[in-house]
Amino acid sequence: MRLSHTADLWWKNAVVYCLDVETFFDGNGDGCGDFHGLAQRVGYLDEMGVTCIWLMPFYPTPDRDDGYDITDFYGVDGRLGSSGEFVEFLRVARDRGIRVIADLVVNHTSSRHPWFESARASRESPYRDWYVWRDEPPPDGPKGVVFPDQEKSLWEYDETAGQYYLHRFYKHQPDLNVANPAVRDEIGRVLGYWLHLGLSGFRVDAVPFLLETDGALDADQLPDPHEYLRDLRAFLSRHDGEAVLLGEVNLPYPETMRFFGDEDGDELTMCFDFIAMQRLYLSLARKRPDPLAEALRERPAAPEDAHWATFVRNHDELTLDKLSEAERQEVFDAFGPEERMRLYGRGLRRRLPSMLDGDMDRVRMVYSLLFSLPGTPVLFYGEEIGMGEELGAEGRNAVRTPMQWSGEGNGGFSTADPEKLAAPVVRGEYGPANVNVVAQLRDPDSLLSWTKLLIRRYRQCPELAWGRYQVLAHGAERVLAHRADQDGGTVVALHNFAEEPVEVTLRLDGLEPGHRLVDLLADGSTPVADGQVTLRVDRYGCRWLRVVKPGEVFLP
């Protein structure tokens, strides 16, 4: 680790909070969240400890795919406010020391984008080659439909164009031809524009699909797609040396490492750890940490100037596609027993508290894992208060419901009539009457208070973000124990996946008589004898412990 570069690597110990402007807070009472409303809630995020806001798409859109079908990469959707209100939000966030990143969705456009409308109108259009066209779908083209319940083919015939076009996602989202240098140049201009306005980077949507050249003419003669990713990172760094590219790469570890740039670390700054996330749910289903521990042992170290991003869930379905069919069925049986709780046969459209039947000990343990495992933690809005899903909403929208600010009408999200809301509010046990920010701000035992404590301790423990990580061996099979070491400091964490208390005896190399373990999440300390210590962990419990040397004064 290069200590002189820690300021540049702000994302190494960031707390990232993903939100959809449309469903976060309505500042003008029209039923749709907006930047004016979001600016009013920046203080809440700051007080929680958030250091980076990740915005889901806010660009002009027909909104057929929650904003991921874009008609203008340089604009702000009118429903969410003006460009001026966007910049004002950035200023408010910056004043609080919070950086902002946004979704970069350049794998495809909306079919209503002016580029595509021009491209389909004529083969002579300058935008014709900005998309991938064929007279007939090629037999050796890309495989695999992303949304099998909605689409049966990756190719759609366009009557006006007289050809088929490629769409990895929905047919109303034609793929851009990233093999075309003009398209790559335009993507660079898009990045430069938003960086100039004040963004600190981008979460890059569907990275493997973005780099795919299977549908391109003479694909075998194209340069390595990763060369383009390196160019993109270099372009970003020239504009802002501290800006980041956070990549959505749902691949096995060896393949994901290529998107970091392998050992060079000159491509993506961070990659989401989809493997550990999926193994976490398998561990929860089995009430044993083995699958998660195995993933953590298998996971390669990120390059020096790169990092993994950890998460419990994101804005999509909770994908389980990297588990075996039998393992996936175990998770379905435990957390998605009803067909309506599942999506595409590969994932769940539920949030954690409802999957765990409201067992808050267990929920707290999972978020303790999120903040103590190696990687940058990423929260999805509403997780900090334990929001549930609305299964009456379509598909992925089950978890994209309005933020629940209070127990009042519409959960305090908007003063508009309920039928005008951008999305339905969660009903039932996890609705605003029972789960909301206002009530939890007043309750020191709430999940929100717990999340704040975890964030505060995480920020106080540089070992967790920067240190060497090790899964610890011991005899308690239901407990995951790990340690992180950095610059002479050590933090040990234990998590009990069982519903009964457990005693764990750990051997901690390098510790001598007189050392003690001081609890970071509760009061208390435990002396270490001959490098060995026995600790009790409650049902679904978690403990973070800092190693304190003899005579050292510890200030939590």
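**Exercise 1.** In this predicted model, find which backbone nitrogen a side-chain oxygen of aspartate 359 reaches at the start of H13.

*Solution.* Go to the start of H13 and pick out the side chain of aspartate 359. One of its oxygens comes to within 3.2 Å of the backbone nitrogen of aspartate 361. A polar contact needs N or O atoms within 3.5 Å, and this pair is inside that limit.

**Exercise 2.** Work out how the span of H13 squares with its residue count, and whether the helix is enclosed or open.

*Solution.* Start with the length: H13 runs over residues 360-372, 13 in total. From first C-alpha to last, H13 reaches 18 Å, close to the 18 Å expected at 1.5 Å a residue. Next, check burial: eleven of the 13 residues are buried, so H13 is largely enclosed by the rest of the structure. Among the buried ones are Arg362, Arg364, Tyr367 and Phe371.

**Exercise 3.** Place isoleucine 98 in the fold and decide whether it's buried or exposed.

*Solution.* Isoleucine 98 sits in the loop between helix H3 (83-95) and strand E3 (99-104). Its relative accessibility is 5%, so it counts as buried. Now look beyond four places in sequence: its contacts include Val42, Leu45, Val50, Ile53 and Ala93. For isoleucine 53, 45 residues away along the chain, the C-alpha separation is 7.0 Å.

**Exercise 4.** Explain why cysteine 542 doesn't bond to cysteine 461.

*Solution.* First, the tally: the structure has zero disulfides. Cysteine 461 is in none, and its nearest cysteine sulfur belongs to cysteine 542. The two sulfurs are 13 Å apart, too far for a bond. Both residues are buried, cysteine 461 at 2% relative accessible area and cysteine 542 at 17%.

How values were computed
Residues are numbered from 1 along each chain as its sequence is written. This is a predicted model: local features need pLDDT of at least 70, side-chain atom pairs count only at pLDDT 80 or more; totals for chains, interfaces and linings use all residues. Side-chain values use heavy atoms; hydrogens and water are left out. Helices (H or I, at least four residues) and strands (E, at least two) are DSSP runs, numbered from the N terminus. The expected span of a helix is 1.5 Å times one less than its number of residues. Buried means under 20% relative accessible area, exposed over 50%, partly exposed in between (1.4 Å probe, protein chains only). A polar contact is a pair of N or O atoms within 3.5 Å; within protein, one must be able to donate a hydrogen and the other to accept it, and residues adjacent in sequence count only if both atoms are side-chain atoms. Contact means heavy atoms within 4.5 Å. A disulfide is a pair of cysteine sulfur atoms within 2.5 Å.
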